[in-house]
Amino acid sequence: MRFIIKLTIEDENGTETIEEIIHLNKVFDNKNMIGLSLPESKQILKNLQSKIISSQARKYVESKIKCVCCDKKHNIKGYHSIQYRTLFGIVNLSSPRLYHCQCHDTETKTFSPLSDWLSNKNSPELQYIETKWASLISFEQTANLLKDVLPVGETENAATIRNHLQRIAKRQEKELDGKPEYISYCQNELDKLPKPGKPITVGIDGGYLKSWKKKNNNFEIIAGKTFSKPQSSKRFGFIQKCDDHPKRRLMNVLVSQGMQANQQITFLSDGADNVRELQCMMYPESEHILDWFHITMRITVLNQFTKGLIHSDPRSGNEFEKHLESTKWYLWHGNVEKALDRIEECHFISIDDEIKYHNKKKLIKYLEEFQTYIENNCHLITNYGEKWRYGETISTAFVESTINEVVAKRMVKKQQMQWTYTGAHYILQTRTAVLNDELHEHFNRWFPGANIKNQTHGVIAEQKAA
């Protein structure tokens with residue numbers, strides 16, 4: 001059997017042109033050769049795309065062939081070739097270069113209509129799919145997957161996709177220019193605002209990536225998550241060395257969640273200096289809380305030393321354990337002064353010369369670090385017990401999962417990749433845009449009429465399941 005697929009093109013005058021797309025020879029007695037094969041379908045899409053774009057380009061050139069002022073035809077200087085890359089193949093177009101009409105002054109003698117029309121040689125959909133997939137899986141896997149299922153062209157490779165992703169990320173970054181870094185309202189203006197919505201909780205934490213320049217070193221990334229009950233959660237991330245205005249980034253995320261100036265915001269963090277600087281002076285109605293998880297994590301380490309101390313010196317060990325439990329109880333209820341007194345008691349016990357515990361120096365070191373940690377963050381410690389009873393968030397456990405979601409699954413765990421500061425920063429921007437279901441909104445804003453729809457949910461769900 002012979003199948004012929006043809007394309008009928010009808011112009012605005014009703015004139016029809018028929019173009020042959022492909023002809024196929026199919027047999028019916030082979031049950032393993034039923035229907036279209038993948039190579040045949042890719043060839044059909046490629047030929048169809050080439051015919052459609054060529055027809056559109058020809059009509060566009062025809063619309064520009066005459067001068068808009070005097071209706072005289074432009075003289076043709078010559079032709080050159082333009083490649084337009086799409087999801088369905090690379091289309092080669094013959095582009096004429098025309099002389100400007102002499103009836104009016106121009107900066108240049110010639111112009112190319114198709115070069116102006118196709119200023120970006122990559123279609124919006126191709127850039128969108130490349131960016132979205134590369135934000136979820138590696139660049140090489142993205143290139144291989146695209147070539148497996150679509151006629152994108154053999155030149156598609158990891159380096160090309162990385163360059164396109166970084167270009168999109170730079171465009172995202174540019175949109176932050178000029179946006180505010182903090183709320184600057186006077187109390188009189190705040191009082192006039194309508195009643196705000198539910199409080200917004202912001203959790204911020206750090207993660208680490210392998211450095212490409214210094215092979216044996218890691219560098220820190222900052223990532224976080226904001227959520228409120230009526231709004232969907234938003235993720236953000238950045239490399240501090242690549243971001244001169246991190247507060248602007250966080251403020252933009254909060255605004256995208258519908259935040260108004262008199263809305264209550266709770267910032268949760270591990271107390272690190274860089275995170276504290278990001279939170280402070282941003283918002284008049286904010287509350288800053290030291291994450292309970294990071295407090296208990298340090299107490300858990302000290303409890304491990306306590307077990308060894310009890311085994312070595314039961315009397316001192318039991319007394320140390322009692323004071324450590326009191327420390328945790330006082331911190332749970334926000335009594336920092338009493339908690340520091342109990343830590344001091346633990347310190348006096350640990351430095352006793354009569355104790356022969358073999359990990360004594362490590363115990364003293366961790367205890368002093370814990371004391372310094374509480375002293376430096378005493379202003380961030382609240383009554384955790386009261387907040388917990390009222391159902392308020394007191395831990396950044398949700399941020400720990402965000403670090404895993406934003407960073408580890410793509411950039412750390414399985415891939416074992418090494419990153420430059422800028423490379424990691426750019427992929428954090430596109431990845432968070434994908435996870436926040438915002439990437440398609442960016443493309444629809446940048447390319448009006450492209451009508452790019454988000455179909456990320458299934459991909460993200462599969463990745464989470466894996």
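Where does Phe28 lie? In this model, which I should say at the outset is a predicted one, Phe28 sits in the loop that runs between β2, residues 16-25, and α1, residues 38-64. Phe28 counts as exposed because its relative accessibility is 74%, and exposed here means over 50%. Together with Met1 and Phe3, Phe28 makes a nonpolar surface patch of about 400 Å².

Let me now step back to the protein as a whole. Its secondary structure comes to 17 helices and 11 strands. The radius of gyration is 31 Å, whereas the globule rule gives 23 Å for 466 residues, so the protein is more spread out than a compact globule. The C-alpha trace, taken along its principal axes, spans about 100 × 70 × 40 Å. Of the 466 residues, 43% count as buried, and the protein exposes about 26,000 Å², with carbon and sulfur atoms supplying 50% of that area. If we take the contacts with a separation of 6 or more, 62% of them are accounted for by residues 24 or more positions apart.

The last element I would like to walk through is a sheet. This is an open sheet of 3 strands, in the order β3-β4-β5, and the pairing is antiparallel. Its edge strands are β3, residues 76-86, and β5, residues 110-111, each of which pairs on one side only. Between β3 and β4, the latter covering residues 89-99, there are 10 bridges, and these two strands run antiparallel. For a specific position to find on the structure, look at Ser81, which stands opposite Ser94 in β4.

Methods. Residues numbered from 1 in each chain as written. Predicted model: local features only at pLDDT ≥ 70, side-chain atom pairs only at ≥ 80, totals over all residues. Heavy atoms only, no water. Patch = residues over 30% accessible without salt bridge, like charges linked within 9 Å, V, L, I, M, F, W, Y side chains within 5 Å. Areas by Shrake-Rupley, 256 points an atom, 1.4 Å probe, with all protein chains shown as cover. Salt bridge = Lys/Arg side-chain N within 4 Å of Asp/Glu carboxyl O. Helix = DSSP H or I, 4+ residues; strand = E, 2+ residues; numbered from the N terminus. Buried < 20%, exposed > 50% of the residue type's maximum accessible area, 1.4 Å probe, protein only. Rg over C-alpha atoms; globule rule 2.2 N^0.38 Å. Contact = heavy atoms within 4.5 Å. Pairing = 2+ DSSP bridges.
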